[in-house]
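User: I'm new to this structure and would like a close look at a single part of it. Please choose one helix and walk me through what surrounds it.

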Amino acid sequence: MSIVVLDTDVASAILRGRVDERLRARLTGRTLGITFVTLGELTKWTVVRSWGPRRLADLARWRRGLVLLHRLPLATYNGKDYADFAEHDRLRLLDLA
């Protein structure tokens, strides 16, 4: 099994149905994953952009097919940017600052 972690821009393109043939070819046969940061960004967008029930259901359905990479430590020089995740979501930070 080959896992590919999608950045938020790629996840967004897939959700909007904007997948070109090059991307489709590179992802075919792979297990798709996202990080907790991408999940947080997508979730925030649902609120900021006032998604309706249909789009929320589409996101939930799409999300069920992904691997969520969690419980892994995050090495960063910007620990303050992730302090809320560490405090509220049990993110293990390796703050290198």
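Analyst: **A close look at α1 and its surroundings**

In α1, the buried residues are Thr 8, Ala 11, Ser 12, Ala 13 and Ile 14; buried means under 20% relative accessible area, exposed over 50%, and partly exposed in between, with a 1.4 Å probe and protein chains only. This is a predicted model, so local features need pLDDT of at least 70 and side-chain atom pairs count only at pLDDT 80 or more, while totals for chains, interfaces and linings use all residues. Residues are numbered from 1 along each chain as its sequence is written, and side-chain values use heavy atoms, with hydrogens and water left out. Helices (H or I, at least four residues) and strands (E, at least two) are DSSP runs, numbered from the N terminus.

What lies over those buried residues? Their cover includes α2 (21–27), α3 and α4, where contact means heavy atoms within 4.5 Å. Right after α1 comes Gly 17, with a positive phi near 75 degrees.

Two residues of α1, Ala 11 and Ile 14, also belong to the largest nonpolar core, a group of 12 residues that includes Val 4, Leu 27, Trp 51 and Leu 59. Such a core is a set of buried Ala, Val, Leu, Ile, Met, Phe, Trp, Tyr and Cys residues joined through side-chain atoms within 4.5 Å. The elements giving this core two or more residues are α1 (8–15), β2 (31–35) and α4 (53–64). In soluble globular proteins, nonpolar side chains tend to be buried together.

Leu 59 is a good place to see the link with α1. Apart from neighbours within four places in sequence, Leu 59 is in contact with Leu 15, Leu 42, Thr 46 and Trp 51.

Now turn to the second largest pocket, about 210 Å³ in volume. A pocket, on a 1 Å grid over the protein atoms alone, is an open set of points where a 1.4 Å probe fits, with protein on both sides within 12 Å along at least five of seven lines; lining residues have an atom within 4 Å of a point. Ser 12, Leu 15, Arg 16, Trp 51, Arg 55 and Leu 59 are among its lining residues. At least two lining residues come from each of α1, α3 (36–48) and α4, and α4 gives the largest share, four residues.

Finally, two of the lining residues meet in a neat way: the charged end of Arg 55 sits over the ring of Trp 51, 4.1 Å from its centre. This arrangement requires CZ of Arg or NZ of Lys within 6 Å of the ring centre and within 35 degrees of the ring normal.

Note on methods. Points joined across faces, edges and corners; volume = space filled by probe spheres on them.
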